[in-house]
Structure formats: structure tokens, C-alpha cells
Amino acid sequence: MLLLHPTTITTFTTTSSSSPLSLSKFPTRTNLPTIHSSLSSPQKMSSWLGKLGFGARLPTESPTDPSSSSIAQSPDDDSPAAGQAFAQFGAGCFWGAELAFQRIPGVTKSEVGYSQGYVDKPTYNDVCSGTTGHSEVVRVQYDPKECSYEALLDAFWARHDPTTLNRQGNDVGTQYRSGIYFYTPEQEKAALESKERQQQILNREIVTEIMPAKKFYRAEEYHQQYLAKGGRFGFKQSTEKGCNDPIRCYG
């Protein structure tokens, strides 16, 4: 889910006698952060590769700041609205996953963010570096009287490929790993049983991790309801309950 923002590129010249190819008319996005193209140092090259999904994998040790790791690894202590419950899922790029959950009757709120990492208050660029251990997740608030946890699990399995490690399509990196993050023993039990049933259907091993929900860091505002607001191309996608329109992952 790399956000590229062409800024200074205008033309390049080939070895043929044809005129340079102008890129000046390519669309740009002013509402998203810029990834600068200068790679004049090893540090910048490493950062750039991280954003492409080739950064370091999950750290084997927590960061040097124990307090930061302790906070990030603590349970999600936010509270849902009265009569509501939380569920949390990692299913690749959180834009499309959020829209899938928004369409489920009984889901009353959704947020995208970062969790399961070792750094307190991570930014999108931090997570894209591949060094913080965070996963892109969707936190769903739902009414258990109108929506079962099993219905959310069904949407989770249908939304992504749970057999590809740290990858969904062209999105590569540990932040795109498949995960179910439970809040209660009942959710854990349902998740494990659901995974077992799903494994009987698939002919490849499921790599989905099932772990307790940890501190949730809400992503930057431009990520929230990204596809419903128009995505990168400005075409809004429906959040109507029960809508089964195909989801365009990037808008």
C-alpha cells in the first residue's frame, strides 16, 4: 500500500531519437504524504526499500527503549460504546479490509491503525520501514445482538488470502500479515475453531496468527474510511450495509 507522490520528475530521455517522454501530466495527490526520491545515502536507500516492503522483518528483540516496547505490547485498554464489543483483524492493506467490515450489518464503527508492534506511537512511515513489528489492522466495533463474531470471521477469511506469509498481492511486508486479535476467551475460541474449519477448505497452510489484541494506535486521518471517501482516484465506494459491490483496493 505504498503511497507514491511524484513531485519533481518531469522528463526522461531514451537512447532513441524520439522526443523525451513527459511525465508532467501524470496525476498527483496533495492529500497524502510525500515519499522523497533522494537516495543519496545508505540510510535513505534502506528507508526506501522498507517502504517497498523489503525492510527488516519482525524484530527478534524489543527496541532499546523498554518503556516504549512495554506500552506498545500492553493490552488494548480502549472501551467500546455501551452494549458494543471490539474485534480486531489484520488482512493486508487496511483500506479494503475496513470497507468490507463497514458493510456488515451490526458493525457500528470501524477504525484502521497499527498494533502488535514494539514502538509506542508509530507513524505510517515507521510501520512501512518494517522495523517496528506492527501490523496494519482494522478495529471493528459491533453490536453482538445484530452481528455475531462468527460473521466478522467469515468476512475476514473472505477478504484476503491467509496462506501468504507477510504478503497480500503486491503488498509485501510484515505489516501486511494475516492476524486475528482477540479481546475475550470466547473470541479466541471462535477464532481457533474458525481457522480449523477454514484449513479444511484450503489446500495450503494457513499462516494467520491468533493473538490477544494489543494497544491500538489509530492511523493518520487520511487513512480512515479511505475508500469510502474516494481513495486515490476520487471514486467513492459504498459503505451501505449488505452492499456486495467489488472493492477496489486503492480506489
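# Exercises on helix α6 and its sheet

At 57% relative accessibility, Glu186 counts as exposed, because that term is used for values over 50%, whereas buried means under 20% and partly exposed lies in between (1.4 Å probe, protein chains only). The model is predicted, so that local features need pLDDT of at least 70 and side-chain atom pairs count only at pLDDT 80 or more, while totals for chains, interfaces and linings use all residues. Residues are numbered from 1 along each chain as its sequence is written, and side-chain values use heavy atoms, with hydrogens and water left out.

## Exercise 1

Place Glu186 in its helix, and determine which residues of α6 are buried and which are exposed on the other side.

*Solution.* Begin with the element: Glu186 belongs to helix α6, where helices (H or I, at least four residues) and strands (E, at least two) are DSSP runs numbered from the N terminus. The helix covers residues 185–201, has 17 residues and reaches 25 Å from its first C-alpha to its last, close to the 24 Å expected at 1.5 Å a residue, the expected span being 1.5 Å times one less than the number of residues.

Next, sort the residues by accessibility: Gln187, Ala190, Ala191, Ser194 and Gln198 of α6 are buried. They lie on the same side of α6 because they cover an arc of only 100 degrees around the axis, the arc being that of the directions from the helix axis to the C-beta atoms. On the other side of α6, Pro185, Lys189, Glu196 and Gln200 are exposed. The general rule is that an α-helix has 3.6 residues a turn, so residues three or four places apart point the same way.

## Exercise 2

Identify the elements against which the buried residues of α6 pack, and describe how α6 runs relative to β8.

*Solution.* The buried residues of α6 pack against β3 (85–91), β5 (135–142), α5 (149–159), β8 (178–182) and β9 (209–212), with contact meaning heavy atoms within 4.5 Å. As for direction, α6 lies across β3, β5, β8 and β9 and runs at about 150 degrees to β8; axes are lines fitted to C-alpha atoms, for helices over the stretch in contact, and angles run from 0 to 180 degrees between N-to-C directions.

## Exercise 3

Work out the order of the strands in the open sheet, and then follow β8 through its pairings and its two faces.

*Solution.* The open sheet has 6 strands in the order β9-β8-β3-β5-β4-β10, with mixed pairing, where two strands pair if DSSP finds at least two bridges between them. Its edge strands are β9 and β10 (217–218), each of which pairs on one side only.

Turning to β8, the strand pairs with β3 in the antiparallel sense over 4 bridges, and Ser178 is the bridge partner of Ala91. With β9, β8 pairs in the parallel sense over 4 bridges, and Tyr181 stands opposite Met211. Both faces of β8 are covered, since Ser178, Ile180 and Phe182 on one side and Gly179 and Tyr181 on the other are all buried.

Finally, β8, α6 and β9 make a right-handed β-α-β unit; right-handed means that, with the strands pointing away from the viewer, the path from the first strand over the helix to the second runs clockwise.
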